[in-house]
Amino acid sequence: MLESVSATEEIRTRAEAALARCGVVLAAHKGDALAARTPVTGDALFGLRVDAPEDVDRAVEAAHTAFLTWRTTPAPVRGALVKRLGELLAEHKQDLADLVTVEAGKIRSEALGEVQEMIDICDFAVGLSRQLYGRTMPSERPGHRLMETWHPLGVVGVITAFNFPVAVWAWNAAVALVCGDTVVWKPSELTPLTALACSALLDRAAADTGSPAGLNQVVLGAAGIGERLVDAERVALVSATGSTRMGRAVGPRVAARFGRSLLELGGNNAAVVAPSADLDLVVNAAVFAAAGTAGQRCTTLRRLIVHEDVVDTVVERLARAYERLPIGDPFAEDTLVGPLVGEASYEKMRAALERARAEGGTVVTGGERVGDAAAPGAYYVRPALVRMPAQSPVVREETFAPVLYVLSYRDLDEAIRLQNDVPQGLSAGIFTTDQAEAERFLAADGADSGIVNVNIGTSGAEIGGAFGGEKETGGGRESGSDAWRAYMRRATNTVNYSGRVALAQGVDFSQ
């Protein structure tokens with residue numbers, strides 16, 4: 001049963017107030033080319049103008065002009081800007097969370113959690129601004145010093161998806177800014193309001209710290225605007241988050257002009273449940289990982305690979321948990337599953353479940369739309385739990401909706417093969433109390449994903465670790481660890497203080 005849904009007018013008023021508090025002059029952005037809508041009711045909130053291709057060119061040029069000053073600004077001074085941004089994000093945490101729920105449909109706790117990720121990456125980046133370390137290496141020539149230095153790269157084009165409308169921009173922007181880069185941001189056309197709010201706060205942070213204007217530009221529009229940004233010669237790095245299909249288009253276009261790309265694409269994530277697993281832990285983690293954000297995370301749990309000794313028990317317990325999930329208004333405190341972003345997502349979920357049945361699967365629970373009479377323009381669904389044969393083709397495909405396929409296995413080698421037997425390679429996990437099994441799963445011949453966990457679900461990454469995956473997930477890394485290197489260029493330097501020419505490998509060109 002669907003819980004009550006906020007009225008569209010109430011949501012519109014909430015969005016207007018949040019935008020105003022963040023410093024957005026909404027009248028300056030209104031138009032009739034792009035509808036800012038909410039999946040909570042399925043209704044449009046405002047009409048917005050979009051950018052023309054030449055506006056993208058102007059934004060890139062403005063960002064490049066700012067870069068020429070910003071690249072020579074000391075890194076700790078650049079860090080001061082990001083510190084101020086983090087303070088403003090904390091000050092407007094509720095406002096930004098409101099906008100995330102309005103546009104992406106995330107429940108309140110998840111929306112607040114996403115904004116907290118922004119604050120956390122600012123903290124991380126401020127520390128990073130004093131740690132952009134190079135190396136000194138031993139030279140084979142006497143009287144020489146060999147070292148590497150890291151320099152700002154240039155303009156970074158950031159293309160983000162609807163499901164994390166603010167955090168992914170912050171992962172990129174905070175790190176890029178302390179590295180000395182500038183940013184041109186093309187948000188999803190489904191989430192323009194959050195982008196306007198974040199940009200306004202960064203502009204304010206720049207003014208407060210005396211930083212150059214134009215460090216972050218926002219361009220609004222559909223795919224053509226993203227393509228213009230991808231093709232822009234002055235954009236040194238394109239960081240694009242979205243589908244594998246989108247990545248197949250972006251990667252070659254950037255490579256054709258010898259630019260760099262950082263791709264965060266699809267995920268068909270699995271968790272293995274060993275016979276020794278703590279099943280209470282499994283159920284709690286799996287429900288959140290599979291049903292959280294209505295299954296619309298790149299790290300959503302989509303396959304649960306369970307040992308045959310415990311699979312029936314796990315399915316029974318998951319089914320009971322699924323049937324108790326509160327589905328409804330994401331602004332309500334007790335809601336755990338909000339809406340899908342739109343009709344297309346629902347239709348893809350419905351088609352996947354039809355295929356699953358045709359391929360021998362059994363829908364244990366869920367999959368139906370709920371509350372369509374109360375909110376006919378919105379798409380609320382009950383998360384689906386499906387028993388599947390291991391080799392079914394549909395299991396190898398990512399459906400961006402709350403569909404969890406349960407497979408069974410006999411031994412760990414088989415479980416690892418099933419985990420790896422998909423084109424994507426983002427996140428994986430194993431639930432076990434056997435240390436040897438855990439180590440095997442983490443080993444080089446274990447899970448082939450970029451994020452591999454033990455006794456934790458596939459979703460929910462900390463900003464201190466590099467985020468990203470392998471295979472069709474794109475190979476990019478954002479956020480923590482040494483992901484900052486993607487936003488800088490490396491120079492290898494040799495300093496000769498010997499007073500004579502000494503060539504490498506003892507080559508002698510003297511006459």
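Buried here means under 20% relative accessible area, exposed means over 50%, and partly exposed is anything in between, using a 1.4 Å probe and protein chains only. By that yardstick, Cys 22 sits at 3% relative accessibility and counts as buried.

## Ground rules

This is a predicted model, where local features need pLDDT of at least 70, side-chain atom pairs count only at pLDDT 80 or more, and totals for chains, interfaces and linings use all residues. Residues are numbered from 1 along each chain as its sequence is written, and side-chain values use heavy atoms, with hydrogens and water left out.

## Cysteines

A disulfide is a covalent bond between the sulfur atoms of two cysteines. The test applied here is a pair of cysteine sulfur atoms within 2.5 Å, and the count comes to zero disulfides. Cys 22 misses out because its sulfur is 7.6 Å from the closest cysteine sulfur, in Cys 198, which is too far for a bond. Cys 198 is likewise in no disulfide, with the sulfur of Cys 22 as its nearest cysteine sulfur. At 0% relative accessibility, Cys 198 also counts as buried.

## The largest pocket

Pockets and cavities are both found on a 1 Å grid over the protein atoms alone: a cavity is a set of points where a 1.4 Å probe fits but cannot get out, a pocket is an open set with protein on both sides within 12 Å along at least five of seven lines, and lining residues have an atom within 4 Å of a point. Grid points are joined across faces, edges and corners, and a volume is the space filled by probe spheres set on the points.

The largest pocket comes out at about 1,500 Å³. It has 48 lining residues, and the closest to its centre are Gly 242, Ser 243, Arg 245, Met 246 and Lys 348. The elements that give two or more residues to this lining are α8 (223–231), α9 (244–256) and α12 (343–358); helices are DSSP runs of H or I with at least four residues, strands are E runs of at least two, and both are numbered from the N terminus. Sorted by class, the pocket lining has 20 nonpolar, 13 polar and 15 charged residues. Nonpolar covers Ala, Val, Leu, Ile, Met, Phe, Trp, Tyr, Cys and Pro, charged covers Asp, Glu, Lys and Arg, and the others, Gly among them, are polar.

## Enclosed cavities

Two cavities of 30 Å³ or more turn up in the structure. The largest cavity holds about 180 Å³ of space. Of its 15 lining residues, Phe 164, Trp 171, Cys 298, Thr 299 and Phe 467 are the closest to the centre. That lining splits into seven nonpolar, four polar and four charged residues.

The second largest cavity has about 40 Å³ of space. Among the residues lining it are Lys 106, Glu 110, Thr 293, Gln 296 and Pro 339. By class, this lining has five nonpolar, four polar and two charged residues.

## Two open sheets

Two strands pair if DSSP finds at least two bridges between them. One open sheet has five strands in the order β7-β6-β5-β8-β9, with parallel pairing. β7 (216–218) and β9 (260–264) each have a single partner strand, so one side of each is left without a neighbour in the sheet. Strand β8 (residues 235–241) is joined to β9 by five bridges, and Leu 237 has Arg 260 in β9 as its bridge partner.

The other open sheet is antiparallel, with three strands in the order β3-β4-β23. Here β3 (136–137) and β23 (488–496) stand at the edges. Nine bridges join β4 (residues 144–152) to β23, and His 144 stands opposite Asn 496 in β23.
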